[in-house]
Amino acid sequence: MGIFVRESAPVEAAKIIPFNAPRALQASAQRVKLNEPRDVEQLRRRSEVVWQRRAWEYFDIIAEIKYAFGLLGNVTGRARLYPAFVVDPHQPPVQLENLIEDGTLPQEYVDDCRAVLNRIISTTGSQATLLRDAALNLCVAGECYLVQVPERLGSGEPETWDIKSVDEVIVSPDGKVRLKQRMDARQHEYIELPPTAFVGRIWRSHPRWSQQADSSMIGVLQPCEDLLLFSHAARATAQSRLNAGAMFIPDGLSASAMPAEPDPALAGEPEPPIEDHDEFEEELIAAMTTPISDQDSAAAVVPLLIRGPKELGEAIKLFKFERSFDPALAERADRALDRIMQGIDVPKDVVTGLANVKYSNAVQIDKSLYKAHVEPLLLMIVDAMTMVYFRQALMAMGQDEELIRRTTIWYDPSDIVIQADPETLADNGFDRNLISAAAWRRAHGFTEDDKPEGEELARRMVVEKGVLSPELTEAVLQQIAPELFGTMRAAHQQQTGSPLPPEVQQALGVPPSDAAPPPPPGGGLPSSTPTTPPAPPPPAPAPGAAPPPPPEQATA
């Protein structure tokens, strides 16, 4: 059964940086063919690298390193992978679904690309775990393996794709590749990989030897050893102070008050006499140990009285068996830890919790963490997975090589990048009419129950009189507060005896049948019957002529 099958599942996409953007970290990837003795022998030799084991040991012991790389791995795991097509190298890769409608890519090719990528992210570990494990291994050991464990017939376990460390992939003396998933795993617990299983090596290429892995842990191995040495010295000093020391008491002293005789009824068989029996020594030991077992005893508050010559009392001495604490030891440990934090691929201020950073610089540190550490790591992972697995799988399915060269795995960092000041951005977007009021409320932490009602908006518009014209103000009031506007309109008619002005009614969309006719230009009230235009005045009479008759006589 081949390792490449056809499936399809939806994948989301996002546009980020151009495809030909410079990679801060150079990724290398190579498939390890388990049926090739040469590849198996190289795999055996790579499993014997000493510095990688030391790096993992310091990762487990030193809490600061574990937290720093764990933070970087968790952030990297929040990215989402999707197949993309390089249309223009100077632009971000385009999601494959966007190129189906214009005929650039056929539907079958897009389905195969989705199936190939979804196969390695649909296992029990999920895509986030795959990215997180890859980021951790590349940060600590600089190397990891993408391993396929085929479905084992009869076991009921499905096929899995996981990221394995250099210590998990081992070669047995008989030349078989196995997976050791626990440090204390026994031989029968190893998972033997068949020769057809897929194993891809992903590593950060060393600038001097390209086939060797590189990691920032190489430069801090010595400071890590110094830090552990100083920590052990400080622990030994503290442990040396846990003893009570020794006391010198000369002979000739005795206790002034002997303890009460035990009850004969409760006493057991008498103990045999001991040679060189010293009653004072017994009394002293009893006075020291009784308060430990019985806190209510008198010995817890009353000291033991000792009688003897004066010169013997001055001879009592207490000796302490402890090592003196060297103040320079703590300073050396701090310097070693500082060198470690400066040498690993995570900013020191992120590990120390921004303790020594001003609030105004916190946003810049967040941006530098993504640009300088998270984004290059994501680019290295997607480039390596594209070379070692994605394109080889498409070629095995018989796809066009020209399309395969321009197809890549890309990432969506929308869940990683967080806006520095969402409140200010929401204010600017709302003022420019780019976002809605609901989006503004979400950015400021309000709910939809906090939005103002229509009557409250009307009151605010009355307070802000002059922002809109009176006609438009009343039109807006009619839309957002119809009940309030109806009350105002009835009050206006009751006081003036006339409806609202025609321009207001027109702005409100009142039907013409309900609207009053516009007033005449002279300002008089409109008439219910039409009027004829006035007749022109009669011409003036000539000099010496009789005046014209009245209009009634002229008509008769």
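Helix 1 (residues 37-46) buries Asp39, Val40, Leu43 and Arg46. Looking down the axis of helix 1, those buried residues stay within an arc of 120°, so they line one face of the helix. Keep in mind that this is a predicted model. Helix 9 (residues 327-343) makes a nice companion case, with its own set of buried residues.

**Helix 1 and what surrounds it**
- Flip to the other side of helix 1 and you find Pro37, Arg38 and Arg45 exposed.
- The cover over the buried residues of helix 1 includes helix 2 (50-61), strand 1 (27-31), strand 4 (143-149) and strand 9 (199-204), along with strand 6 (169-171) and strand 7 (177-179).
- Helix 1 lies across strand 6 and strand 7, and runs at about 115° to strand 6.

**The sheet with strands 6 and 7**
- Strands 6, 7 and 8 form an open sheet in the order 6-7-8, and the pairing is antiparallel.
- Strand 6 and strand 8 (191-192) are the edge strands, each pairing on one side only.
- Strand 6 and strand 7 are joined by three bridges, and Val171 has Val177 in strand 7 as its bridge partner.

**Helix 9**
- With 17 residues, helix 9 spans 25 Å from first C-alpha to last, close to the 24 Å expected at 1.5 Å a residue.
- Its buried residues are Leu329, Ala333, Ala336, Ile340 and Met341.
- These cover an arc of only 135° around the axis, which puts them on the same side of helix 9.
- Pro327, Asp334, Arg335, Arg339 and Gln342 sit exposed on the other side of helix 9.
- Helix 3 (63-77), helix 6 (221-240) and helix 10 (348-351) are among what covers the buried residues of helix 9.

Key. Residues are numbered from 1 along each chain as its sequence is written. This is a predicted model: local features need pLDDT of at least 70, side-chain atom pairs count only at pLDDT 80 or more; totals for chains, interfaces and linings use all residues. Side-chain values use heavy atoms; hydrogens and water are left out. Buried means under 20% relative accessible area, exposed over 50%, partly exposed in between (1.4 Å probe, protein chains only). Helices (H or I, at least four residues) and strands (E, at least two) are DSSP runs, numbered from the N terminus. The arc is that of the directions from the helix axis to the C-beta atoms. Contact means heavy atoms within 4.5 Å. Two strands pair if DSSP finds at least two bridges between them. Axes are lines fitted to C-alpha atoms, for helices over the stretch in contact, and angles run from 0 to 180 degrees between N-to-C directions. The expected span of a helix is 1.5 Å times one less than its number of residues.
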